[in-house]
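Here is a friendly briefing to keep beside you as you look at the chain. Please take a moment with the sequence and the model, then read on.

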Amino acid sequence: MRPDDEPEMVRPGLVPGLIGGHRKKGTGVRAWLVIDSAGLAQVVEAGKHSIMRRTGLPARDLRILDPLLSYPSTVLGREKAIVINLEHIKAIITAQEVLLLNSKDPSVTPFVEELQRRLVRLHQATKIQDAGGGADNSEWRNLYDLEEPPSTNASPPDDPCGFPPRQGVSDEKDNLEEKEDLKNRDGVKVLPFEFIALEACLEAACSSLDNEARTLEQEAHPALDKLTSKISTLNLERVRQIKSRLVALTGRVQKVRDELEHLLDDDDDMAEMYLTEKLAEQNLDDSSVSSVNEHDYAGDGVQAEMEERVAVEIAEVPGGSGRYESDANPQDQYFSVPARLARSATRTSTTHSAISKHLDVEELEMLLEAYFVQIDGTLNKLTTLREYVDDTEDYINIMLDDKQNHLLQMGVMLTTATLVVSAFIVVAGIFGMNIHIELFDEDKAGDPEFLWTVGGGATGCLFLYVIAVAWCKHKRLLE
């Protein structure tokens, strides 16, 4: 074992990763919060290879939990563990414990407390079931999502006929009968340890995203309404920031939703998450193999004894040879019972193996569907808010376009007025030329003629302006 992979307990008063006031360099050791099935927590410092040996995970799965790397939300089911990377929850779930990487994050503290509370209740409920004392309905209702706990197997007594029983087959039958009894007890089921932990992770992640969506919605509506009533740089900047947060949050929620949808669409991935079931089957298979070996060893001795007894009886019966010639082989009469027992045991083992390969994922599917509906509702809420933002943007753009149209119309009217005034300036320029006409003769013209000339020119320009505006309205250039 590498020196940096040695797990060690964190001593009180010391910061993890600090020895003698100096930080260890290049060790790769991180502090993990380990919570067992009884809800007890302890901080353990361990390296990557120690965690890999403890959980059976490959290195690529541990990289998903690396805080220095940016990985999207992921839920992976492996042979001996479930890898959870949902928002601020970075955990590894096994059949007996939960390992949290970022346990010192303030946002993770409520999750740790809730997980411990659920595990304590699960531990108490399991103890009550194992003790055989049925818990009252009020205690069972505290565990609102329930399934069967791991059951204990009792060794059956030996067969009175002298044949050693198939221990594996008997354990399988007893195990199935105990599970049926637990399932039918008051209609109550207890979820296994890994599903309790998985549910706590999903609830923490979905609740966190839903709270962020609700907060963003409460901030967005007043800002958008204020922008609608008054378009200003400050209001536009607030809406821009809200839209950026909305886009980022929608992407995170969409990723969690896609991950849950992927799990619901693949029964094999859900079957991989039945860690307690797989562990129980593994232990059952190991015990069955050992029982079969013991039975074969004992069967050889029994068969030799039976052959000896048959030979003695044949020798003692007078005329035995003629008696057994017409009947079946006498050894079949003695060995037909163990032969039938062996065939029955083989059929039972084959049936159990077929059932084990096809795990019922209904409990996990219902659990995932509940949180899929919740995260889908959060996504719908964000989608509605996004549509409201888009509608507000469209309304603002319409208002800006309307103002721009008014400015363009004013520009057309001013340009027309400038053109008409330019025509009057042309008339004034003509009269300003050094020419000799009767209008400039002081004896023949005076003030009345000057006023008539100026008034007629102004009236003509005004008439031209009215005609130009009427033409623009006729062509729908102006309202």
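One residue to start with is Asp268, which counts as exposed because its relative accessibility is 58%; exposed means over 50% relative accessible area, buried means under 20%, and partly exposed is in between (1.4 Å probe, protein chains only). Please keep in mind that this is a predicted model, in which local features need pLDDT of at least 70, side-chain atom pairs count only at pLDDT 80 or more, and totals for chains, interfaces and linings use all residues. Residues are numbered from 1 along each chain as its sequence is written, and side-chain values use heavy atoms, with hydrogens and water left out.

**Confidence in the model**

- The average pLDDT of the protein chain is 74, and 67% of the residues score at least 70; pLDDT is the predictor's confidence in each residue, from 0 to 100.
- Over residues 144–187 the pLDDT is below 50, and this stretch has 83 contacts in the model beyond near neighbours in sequence; a contact means heavy atoms within 4.5 Å.
- Residues 1–26 also have a pLDDT that stays under 50, and the model gives them 37 contacts beyond four places in sequence.
- Where pLDDT is low, the predicted coordinates should not be read in detail.
- Among the elements of the protein chain, α7 has the highest mean pLDDT (94), while strand β2 (residues 18–19) has the lowest (38).
- Helices (H or I, at least four residues) and strands (E, at least two) are DSSP runs, numbered from the N terminus.

**Salt bridges**

- How many salt bridges does the structure hold? The count is 19, where a salt bridge is a side-chain nitrogen of Lys or Arg within 4 Å of a carboxyl oxygen of Asp or Glu.
- Side chains of opposite charge can pair when their charged atoms come close.
- Asp61 pairs with Arg78 in a salt bridge whose closest N and O atoms are 2.8 Å apart. This pair links distant parts of the chain, with Asp61 in helix α2 (residues 59–63) and Arg78, 17 residues apart from Asp61, in the loop between β6 (74–77) and β7 (82–86).
- Asp61 counts as buried because its relative accessibility is 2%, whereas Arg78 is partly exposed, with a relative accessible area of 25%.
- Glu212 and Arg252 form another salt bridge, and their closest N and O atoms are 3.0 Å apart. Glu212 lies in helix α6 (residues 193–229) and Arg252 in helix α7 (residues 233–265), so their pairing ties together parts that are 40 residues apart in sequence.
- Both ends of that bridge are partly exposed: Glu212 has a relative accessible area of 31%, and Arg252 has one of 30%.
- Within helix α7, Glu261 and Arg257 are four residues apart, about one turn of the helix. Salt bridges that share partners also join Glu114, Arg117, Arg118, Glu199 and Glu203 into one network.
- The closest N and O atoms of the salt bridge between Glu261 and Arg257 are 3.2 Å apart. Glu261 is partly exposed, with a relative accessible area of 30%, while Arg257 counts as buried at 17% relative accessibility.

**Cysteines**

- If you are wondering about disulfides, the structure holds zero of them; a disulfide is counted when a pair of cysteine sulfur atoms is within 2.5 Å.
- Is Cys201 buried or exposed? Cys201 counts as buried because its relative accessibility is 1%.
- Cys472 is buried too, with a relative accessibility of 8%.

**Residues worth a look**

- Asp268 lies in helix α8 (residues 267–272). Asp268 and Val361 are 93 residues apart in sequence, and their C-alpha atoms are 9.0 Å apart in space.
- Ser103 is in the loop between β9 (97–100) and α3 (109–131). At 18% relative accessibility, this serine counts as buried.
- What does Ser103 touch, not counting residues up to four places away in sequence? Its partners there are Leu33 and Val108.

**Positive phi outside glycine**

- Glu87 is not a glycine, yet has a positive phi of about 55°. Glu87 sits in the loop between β7 and β8 (89–93).
- Arg476, a residue other than glycine, has a positive phi near 60°. Arg476 is in the segment after α13 (447–474), and is exposed, with a relative accessible area of 77%.
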